[in-house]
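Got the viewer open? Let's walk through this one stop at a time, selecting as we go.

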Amino acid sequence: MATIQLNKLTKAYGKAEVIHGIDLDIPDGEFVVFVGPSGCGKSTTLRMIAGLEEVSGGDITIGGRRVNEVDPKQRDIAMVFQNYAIYPHMSVRQNIAFGLYTSKLPKEEKASRVEAAAETLGLTALLERRPSALSGGQRQRVAIGRAMVRNPAAFLFDEPLSNLDAQLRAQMRIEIKALHQRLGTTIAYVTHDQVEAMTMADRIVVMRDGHILQAAPPMEIYDNPVDIFTARFIGTPSMNVFPAQQSGGVVTLAEAAPTVMAGVRPQDLKVAEPGIAPAVALEGLVTVTEPLGHETLVHFTAQGHDFIATAPGHFGALPGQTVRAEAAAGTVHLFDPKTEKAVGRA
Amino acid sequence: MAAADTTTPTTGLPMPRIRPARILLWTVLFIGGMLMITPILFMFSTSLKTAGQIYDLRLIPAEPTFANYIKVLSEGEFFRWFLNSSLVAICVTLSNCFFDSLVGYTLAKFRFRGRQFVFIAILSTLMIPTEMLVIPWYLMAADFGWLDTYWGIMFPGMMTAFGTFLMKQFFETVPDDFIEAARIDGLNEFTIWWRIAMPLVTPALSALAIFTFLGNWTAFFWPLISITSSELYTLPVGLTSFAVEQSIQWEMIMTGAALATIPTLIVFLLLQRYIVRGVMLAGLKG
């Protein structure tokens, strides 16, 4: 069990700085998910915590101990990699036990820990198999097992599910979350998939270009994103953002001289439901509809801007038809057009 | 019924279509194969002939005899030479597998100043022909008192640029994740190399072992120069002692050569799969 603190952490490769002095406190037992597009620095940050990358500036402390120059093996952390990194020349049992290779525990204790980890992860029947005889999900579980047996102070996960298919990913998400609930160990988890971030995290850290944009619980980020990037990155489908003019409580799409950037989540932009005094009302031509069963996503174009709105499941509009979509008061996010920072709601 | 009886079957296995290009290919391969195997067949054939029959070029001797084999094995120092060759080839092979992999791994997986320079310096030694190196080797061996010793035969080949290059290329294909995972698991760098990286490059290691063994088993030039005592001769050098100034005992040379071929044949038959893969991996000609 441990807290992890990043204090003015920077990373530079030669003259190119890729992490620009980030600060973050991860309390003991928290499940933190770093999320952001490729190249935002999330994996580099995790690798610095693991000790696989040198720290260029600032400090990392794990459990109150400054670890900048400490070897990975002495940081009391375990890491699960994107490519599983389970050794193909060893059986599942040997792979899991490998986490204890340098441990001074008695043999029986090591064996019982391996059995216990296998039991927890549903790998008991597969212990003698080689990795080549396992499915992707099973391999990932072996990698988690190898991390688990060490009983580390913190787990680091580097995009562990990105090589799995959608169904397995959903299943493993639940398993990892359940594991965290059971073990209560601090977890730092990196992903570029905002669904993983939303569903698993106690707290999401949104990163971009080596900066932390926002670090908050998932629903807080969903409800109150600090800027346009975060607003569009979290939530599926992405938030509709468009130049607008605001007058009173009403926001109108305005290509010329916009005073504000307005953002409406597709879930808040409803088709064919004329509301009472909507904050936004848009009219446009349907381009594509995506029926999802319980609702239909309606893609339409208004004044050259693309929008996504939601409609009831059985929505019959065809491409080319005109639709009207409205968002209720209080659901429209407003951003400064220059700084792109959130300035309020309408 | 009658009509049914006379119906010829229309479904049968179609004759495989043989393309002219394939015939040409087979012909070329057949000729190439014959060119390579004929001297070996003649070697075996001559080893079964008496001294008087060796200029009789029939492939199957009129009166085959194993007398030459008995003579080679019972007289002289054949066994000693065989053991010498085995010792040299095995030691050099083990040394190459160890040092070439260690250096290859370091060059592939560690970032340090001068890494590229070291790699290019190692590679550049491949461009110097053995004949040019023999004089410095000899002078060095003479200075250190290594002439006419086992170590004197072995030292130039204990590590090779080719082996280092081959292993480096292979270690580069080992994902860094494996190494980093082991680092986090607490292994030191040597153990990571030995326990994690080495098992993952077994095909390249086998290829290196095979080529090094065969190369050293058949090595002639340097052992001939560095060894003067007959009890330290390797097989290829020892066999030349059958060619004395007045007469060359072809049947004895061929018998010795045939016996010397046996280990290479065994190595080839056992490890054929690896040799073929190794040739493909290393981009070598056989």
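Which strands of chain A does helix α4 (residues 136–148) lie across? Keep in mind that this is a predicted model, then select that helix together with β6 and β7 (154–158) of chain A: α4 of chain A lies across those two strands. Its direction is about 175° to β6(A).

Now widen the selection to the sheet those strands belong to. It is an open sheet in chain A with 6 strands, ordered β6-β7-β8-β3-β9-β10, and the pairing is mixed. Colour β6 (77–80) and β10 (211–216) of chain A separately, as these are the edge strands, each pairing on one side only. On average, neighbouring strands here are turned by 15° against each other, direction ignored.

Zoom in on the middle of that order. Strand β3 (residues 31–35) of chain A runs parallel to strand β8 (residues 186–191) of chain A, and 5 bridges join them. For a landmark, show A:Val32, which stands opposite A:Ala188 in β8(A). While side chains are on display, remember that in a regular strand they alternate between the two faces of the sheet.

Next, jump along chain A to strand β11 (residues 240–247). β11(A) pairs antiparallel with strand β13 (residues 260–264) of chain A over 5 bridges, and A:Phe242 stands opposite A:Ala262 in β13(A). β11(A) also pairs with strand β12 (residues 250–253) of chain A, again in the antiparallel sense, over 4 bridges. Pick A:Ser247 and you'll find A:Val250 of β12(A) opposite. What sits between β11(A) and β12(A)? The two form a hairpin with 2 residues between them, and A:Gly248 in the turn has a positive phi of about 65°.

Time to switch to chain B. Select helix α4 (residues 78–109) and helix α8 (residues 161–171) of chain B: their axes come within 7 Å and cross at roughly 50°, which makes α4(B) oblique to α8(B). The crossing is right-handed. To see the contact itself, show residues on the α4(B) side including B:Asn96, B:Asp100 and B:Tyr105, and on the α8(B) side B:Gly163, B:Thr164, B:Met167, B:Lys168 and B:Phe171. By class, the residues of this contact are 6 nonpolar, 5 polar and 3 charged.

Last stop: zoom out and colour chain B by domain. The assignment gives domain 1 (20–65) and domain 2 (69–282), with C-alpha centres 30 Å apart. How many residues of each are in contact with the other? In chain B, 8 residues of domain 1 meet 6 of domain 2. On the domain 1 side, 4 are nonpolar, 3 polar and 1 charged.

Methods
Residues numbered from 1 in each chain as written. Chains lettered and ligands numbered in written order. Predicted model: local features only at pLDDT ≥ 70, side-chain atom pairs only at ≥ 80, totals over all residues. Domains from an automatic or database assignment. Contact = placed C-beta atoms within 7 Å. Nonpolar A, V, L, I, M, F, W, Y, C, P; charged D, E, K, R; others polar. Axes fitted to C-alpha atoms, helices over the stretch in contact; angles between N-to-C directions. Parallel < 35°, antiparallel > 145°, perpendicular 65-115°, else oblique. Left-handed = near helix turned anticlockwise from the far one by under 90°. Pairing = 2+ DSSP bridges.
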